[in-house]
Amino acid sequence: SVPGVAVTSSALTDLGTIGVAQGLSISGRVLAEGIPVANATVRAGRQIFGDGTSTRAQFGGPPGANRVKEATTDGDGAFTISGVGNGRLYVVAEEPNLGRSASLLLPGAAESLADLVLQLEPFGTLVGLVSVAGQPNAGTIVNVTSTTAPGVMNGVVTGEDGKFRLDRLAPDTYKVSAMLGMGMMGMRLYSKVVTVAPRQIATADLTVTEGPLELEVTPTLADGTPPGAVIVNHLVGHLDPATYPTTAPELELLTGQLDLRSGFNISVRGSAAKIQGLAAGPTVVCATPLPREAAGMMQSMDYLEREGDRLRVFCREFVLAATPTTQAVSLPIELPVYVPPAGENPGSGSGSGS
């Protein structure tokens with residue numbers, strides 16, 4: 001992306017030289033019971049968002065879910081996906097009649113990857129009921145993620161009876177979450193871990209009980225200046241500090257594995273992240289700051305895709321009392337040094353601290 005561009009009427013806007021990094025490729029074969037599969041779809045991305053029928057939902061999804069690259073296998077089951085970055089990626093293959101592969105996490109690499117083998121397994125089905133305050137809840141978003149590949153997500157919405165169904169899932173262990181809240185205002189996930197087997201129907205009923213408390217978390221820098229964008233995640237419960245994640249990938253994996261209420265908020269320019277629906281007791285809060293140069297939604301998403309694997313995470317446990325209803329805390333953080341994309345002048349930013 002090229003930020004700060006002003007286009008005026010009846011004038012030519014010159015963007016100058018735009019530098020790009022040479023992309024890598026992922027290639028391999030898709031098999032089912034050892035036989036090559038033609039016309040299977042292979043998708044790769046930092047986030048893959050499906051809808052219970054396909055690994056590509058027609059609508060919606062988290063920021064960045066539209067950046068997935070895909071390819072179709074040839075008669076020998078071979079595929080090549082070109083132009084991927086050097087950060088970690090999730091890869092999954094599917095064919096509507098034969099099944100889906102387990103979600104695979106590929107660590108970041110400096111070279112292209114060849115000879116990848118993706119094995120299709122018959123689909124499994126997941127059904128469930130979402131209840132809020134003891135009553136079936138219509139219109140609730142249900143997010144289903146692999147516990148080993150949390151960047152591969154499936155989202156559906158409960159019907160009028162509060163029920164949901166996903167017919168085409170790869171056999172795997174999943175974290176199934178009822179999502180409350182809205183986008184940038186913050187999301188709260190009430191979860192259960194369930195295993196889906198081939199050609200079987202698994203059940204995950206979710207009961208949402210919200211507490212009366214709100215925790216306001218303000219990320220702070222040692223020099224007192226406000227940071228830029230900070231992603232604030234939370235996990236309700238006590239965790240051994242020795243297990244706290246220190247990087248964004250570690251946080252993503254930990255959150256995807258624990259059978260705990262979780263969620264996220266966004267803090268911008270030092271604003272408080274307001275975590276709602278809590279009860280008295282411990283909550284672990286983890287902040288992932290971005291450099292100030294990654295300002296705005298598009299720039300933030302570009303930076304997360306390019307440098308997200310190396311972002312530091314700062315975690316601390318806060319124990320909420322029964323009163324007052326709103327409790328405010330500070331979470332010390334350090335800003336990462338800005339890493340410019342290929343072709344950008346490293347000195348063109350505004351400075352991001354240490």
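This report walks through a predicted model, from its sheet to a few individual residues.

**The nine-stranded sheet**

Let's start with the big picture. Nine strands come together as an open sheet, and if you walk across it you meet them in the order β4-β14-β13-β16-β17-β22-β21-β24-β25. The pairing in this sheet is mixed. At the edges sit β4 (48–50) and β25, each of which pairs on one side only. Neighbouring strands don't line up perfectly: on average they are turned by 25 degrees against each other, direction ignored.

If you're new to sheets, here's the basic idea: strands pair through backbone hydrogen bonds, and they can do so parallel or antiparallel.

Now let's zoom in on the stretch from β16 to β21. Strand β16 (residues 172–182) and β17 are antiparallel partners, held by eleven bridges. You can spot this pairing where Thr 173 faces Thr 195 in β17. Next along, β17 (residues 186–196) pairs with β22 (residues 262–268), again antiparallel, over three bridges. Look for Met 187 there, with Phe 264 of β22 opposite. On to β21 (residues 229–236), which runs antiparallel to β22 and is joined to that strand by seven bridges. Here Val 232 and Asn 265 of β22 stand opposite each other.

A helix comes into play here too. Helix α2 (residues 297–307) has buried residues that include Met 301, Tyr 303 and Leu 304. Some residues on this buried list may catch your eye for another reason: Ser 300, Asp 302 and Glu 307 are on it as well. What do the buried residues of α2 pack against? They pack against β21, one of the strands of the nine-stranded sheet.

**A strand with several partners**

Strand β11 (124–132) is worth a slow look. Seven of its nine residues are buried, so you'll find β11 mostly covered. The table lists strands that pair with β11, with a bridge pair for each.

| Partner of β11 | Direction | Bridges | Example pair |
|---|---|---|---|
| β15 (residues 163–169) | antiparallel | five | Leu 126 and Leu 166 |
| β18 (residues 201–203) | parallel | three | Thr 125 and Ile 201 |
| β19 (residues 206–208) | parallel | three | Val 130 and Leu 206 |
| β12 (135–136) | antiparallel | two | Ser 131 and Pro 136 |

How can one strand have partners on either side? In a regular strand, the side chains alternate between the two faces of the sheet, while the pairing itself goes through the backbone.

The β12 pairing has a bonus feature. Together, β11 and β12 make a hairpin with two residues between them. One residue in that turn is Ala 133, which has a positive phi of about 55 degrees even though it isn't a glycine. Is Ala 133 buried or exposed? With a relative accessible area of 67%, Ala 133 is exposed.

**Another positive phi, and a cis bond**

Asn 39 is also a non-glycine with a positive phi, this time about 60 degrees. You'll find Asn 39 in the loop between β2 (35–36) and β3 (41–45). Its relative accessible area is 57%, so Asn 39 counts as exposed, the cut-off being over 50%.

There's a cis peptide bond to look for as well: it joins Thr 323 and Pro 324, with omega at about -5 degrees. Pro 324 belongs to the loop between β25 and β26 (326–332).

**The disulfide**

How many disulfides does the structure hold? The answer is one. The cysteines are Cys 286 and Cys 315, with sulfur atoms 2.1 Å apart. The link is right-handed, with 110 degrees about the S-S bond. It ties together distant parts of the chain, as Cys 286 is in β24 (residues 281–289) and Cys 315 is in β25 (residues 314–320), 29 residues apart. Both Cys 286 and Cys 315 are buried.

**A buried arginine**

Last stop: Arg 100, in strand β8 (residues 99–101). Arg 100 has a relative accessible area of 3%, so this residue is buried, the cut-off being under 20%. What does its side chain touch? The Arg 100 side chain makes a polar contact with the side chain of Glu 94, at 2.9 Å. A polar atom of the Arg 100 side chain also lies 2.8 Å from the backbone oxygen of Arg 168.

Definitions and conventions:
Residues are numbered from 1 along each chain as its sequence is written. This is a predicted model: local features need pLDDT of at least 70, side-chain atom pairs count only at pLDDT 80 or more; totals for chains, interfaces and linings use all residues. Side-chain values use heavy atoms; hydrogens and water are left out. Two strands pair if DSSP finds at least two bridges between them. Helices (H or I, at least four residues) and strands (E, at least two) are DSSP runs, numbered from the N terminus. Buried means under 20% relative accessible area, exposed over 50%, partly exposed in between (1.4 Å probe, protein chains only). A polar contact is a pair of N or O atoms within 3.5 Å; within protein, one must be able to donate a hydrogen and the other to accept it, and residues adjacent in sequence count only if both atoms are side-chain atoms. Contact means heavy atoms within 4.5 Å. A disulfide is a pair of cysteine sulfur atoms within 2.5 Å. Axes are lines fitted to C-alpha atoms, for helices over the stretch in contact, and angles run from 0 to 180 degrees between N-to-C directions.
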